[in-house]
Amino acid sequence: MAFQFLQNMPLDEAKTLYLTTLLDHGFAPAEETIPVGEALGRITSRAVYAHICAPHYHASAMDGIAVRAADTFGATETTPVVLPPSQFTVLDTGDPIPEGCDAVIMVEDVVYEEDGSARLYAPAAPWQHIRQIGEDVCAGEMLLPSRTAVTPAAMGALLAGGVLEIPVYRRPVVGILPTGDEIIPPTTDPAPGQIMEFNSTIFSAMVQEWGAVPKTYPITRDNLDDIRARVAQAAAECDMVLLNAGSSAGREDYSCQAISEVGEVLCHGIAIKPGKPAILGCKGTVPILGVPGYPVSGILVIRELLQPLVEHLTGRTHAQVETAEAVLSRPVMSGLKYREFIRVRLGYVGDKLMASPLSRGSGVVTSFMKADGILEVPQGTEGYENGQTVTVQLLRPRAELQKTLVVIGSHDPLMDELADLFRLDGQFYLSSSHVGSMGGIMAIRRGEAHMGGVHLLDEKDGSYNMAFIHKYFPNGGVRLVECVGRTQGLMLAPGNPKGIQCFADLAKEGISYVNRQKGSGTRILFDYLCKQEHVDGKAIYGYDREEFTHTAVAAQIANGSGDAGMGIWSAAQLYGLEFLPICTEQYDLLIPDSAWDTPIVQKLLEVLRSDTFRARLEALGGYTVNNPGTVREL
């Protein structure tokens, strides 16, 4: 492209020209794989999935004794149960749960007799005080989506999930070239006419803050041949070059000529003050930015013109910590004794910033990784009510939160895939909370979400979702969007050692079941099938043992703590489980009219209809994809 010496190009036009030209030359991020221990602050180039569950064994959450819960049934204050030493095992926090035991009783609740037996005054519930396999991380779950900064909490989650190395964007090397006859290295006693060279220190710190690696070259004197040779050297050794000083039109300002002889000059002169003499040049895919010698000008120029290029190669955006007022989507209870910090997910719905509390378990490191903010509950406060306005500390920029699609409803792994596709696109983000289909309907009714995943069976006619929409939205105001059909059935232990052949077999003695939480579509389907098959659900061992995701149920079965559980085919495939298909259910997305025309919802519909999304579902397996993104007639 032809250029004019000392142009006055508008800044936005210059930015567009620079990036477009570089992209045409092949300017693109590079990937490298590094150990998790070295990944703090790095940006993932691809989604990262857990290799193992965490915990990977059933662990005691308390100091106490491990027992078989059934042996304690009937214990009361007036009729205690006494267990001989052969019926319990003393263990400490973190110890593996012995074979045959399914509950832990805290040491404070145990009275030891002289003969070593244990006297109990209350029964133990199955699986109480046990950190079950996959409580924190389930193998195959997405731990980090693409273009995500690795935090200390994320490093712990990755290692807990058996991930030792991760793919990240390679840090670009930025060559910094100070020039000038009058500049000298920093000293405490400069002579008259000597100018200490500290711009390179400023620029080095800035590019490090943005995730790049600075490489400062020795000072080059004001000689065209020397400057040209230094620019050529840096362009061959670095991903970007900053040529400092000599960008104006003085008799010894050689930067523009040197850049043009090494590569090409796209623009010389930007319509900004300070910083007008900036030079936009390149050699192939390597940007060569001529920066004015005055430090304030240099800072402005590289912030406006170099930072976007660094971010393009690293996937990084700089976040500033701030606080905001948010509305709680669920109540938060807290003890009076403590000042408590609660992790929350955040997103704007309309003009309200909604806060959804995450898991508060001290062992659940993933909740910190997923948090968008921190809610502080002061000492002496019992908590906050649903719908109450609270102050939260933001862990993500407000701008990201304003571009976040808030999803509350039924769990499905496809939500993680949608979130990853959103991040790869770079325009919007997706934040999902798994509270079950009914929880999603209630969230939409209260105006707390842009969308909810639902798969609710109408027991009267076997249809899905329509009856519930008519019941809870009699006056309309919502749209039901087709997503997928998904195969639901019984996930069974590998080899099906218990010989489960049909749903009714769950009632047989010796079979342990893993259930879903109340209000979930899978739980409603299970209860419906119990009625159809004349099975007393509450008589099934494990009926009250609840998990919140399909993968969590699959993890329990895969690791031997359950024989069967209702779930989707993709979760069973992920864990290598046997699968007994029962039905293909309709998993739809409920979207309020108030959000329908927003750019973020329209982007969702675009992603739903994309070939990339369809390919990801085919890779997961167990889905029927017909017309995702189509509005169903209500």
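This briefing covers the internal cavities of a predicted model and the surroundings of one serine, S204. Local features need pLDDT of at least 70 and side-chain atom pairs pLDDT 80 or more, while totals for chains, interfaces and linings use all residues. Residues are numbered from 1 along each chain as its sequence is written, and side-chain values use heavy atoms, without hydrogens and water.

**Cavities**

- Searching the whole structure gives three cavities of 30 Å³ or more (a cavity is a set of points, on a 1 Å grid over the protein atoms alone, where a 1.4 Å probe fits but cannot get out; its volume is the space filled by probe spheres set on the points, which are joined across faces, edges and corners).
- The largest cavity holds about 60 Å³.
- Its lining (residues with an atom within 4 Å of a point) consists of R345, L346, G347, M354, S356, V406, V407, I408, S431 and S433.
- At least two lining residues come from each of β23 (340-349), β24 (352-357), β28 (404-409) and β29 (429-434) (strands are DSSP runs of E, at least two residues, numbered from the N terminus).
- The second largest cavity, of about 40 Å³, is lined by G41, R42, I43, Y169, R170, R171, G211, T314 and R316.

**S204**

- S204 is in helix α3, residues 199-209 (a helix is a DSSP run of H or I, at least four residues).
- The relative accessible area of S204 is 10%, so S204 counts as buried (under 20%, 1.4 Å probe, protein chains only).
- Leaving out residues up to four places away in sequence, S204 touches I176, P214 and T216 (heavy atoms within 4.5 Å).
- The side chains of S204 and T216 make a polar contact at 3.3 Å (a pair of N or O atoms within 3.5 Å, one able to donate a hydrogen and the other to accept it; residues adjacent in sequence count only if both atoms are side-chain atoms).

How values were computed: On a 1 Å grid over the protein atoms alone, a cavity is a set of points where a 1.4 Å probe fits but cannot get out, and a pocket is an open set with protein on both sides within 12 Å along at least five of seven lines; lining residues have an atom within 4 Å of a point. Buried means under 20% relative accessible area, exposed over 50%, partly exposed in between (1.4 Å probe, protein chains only).
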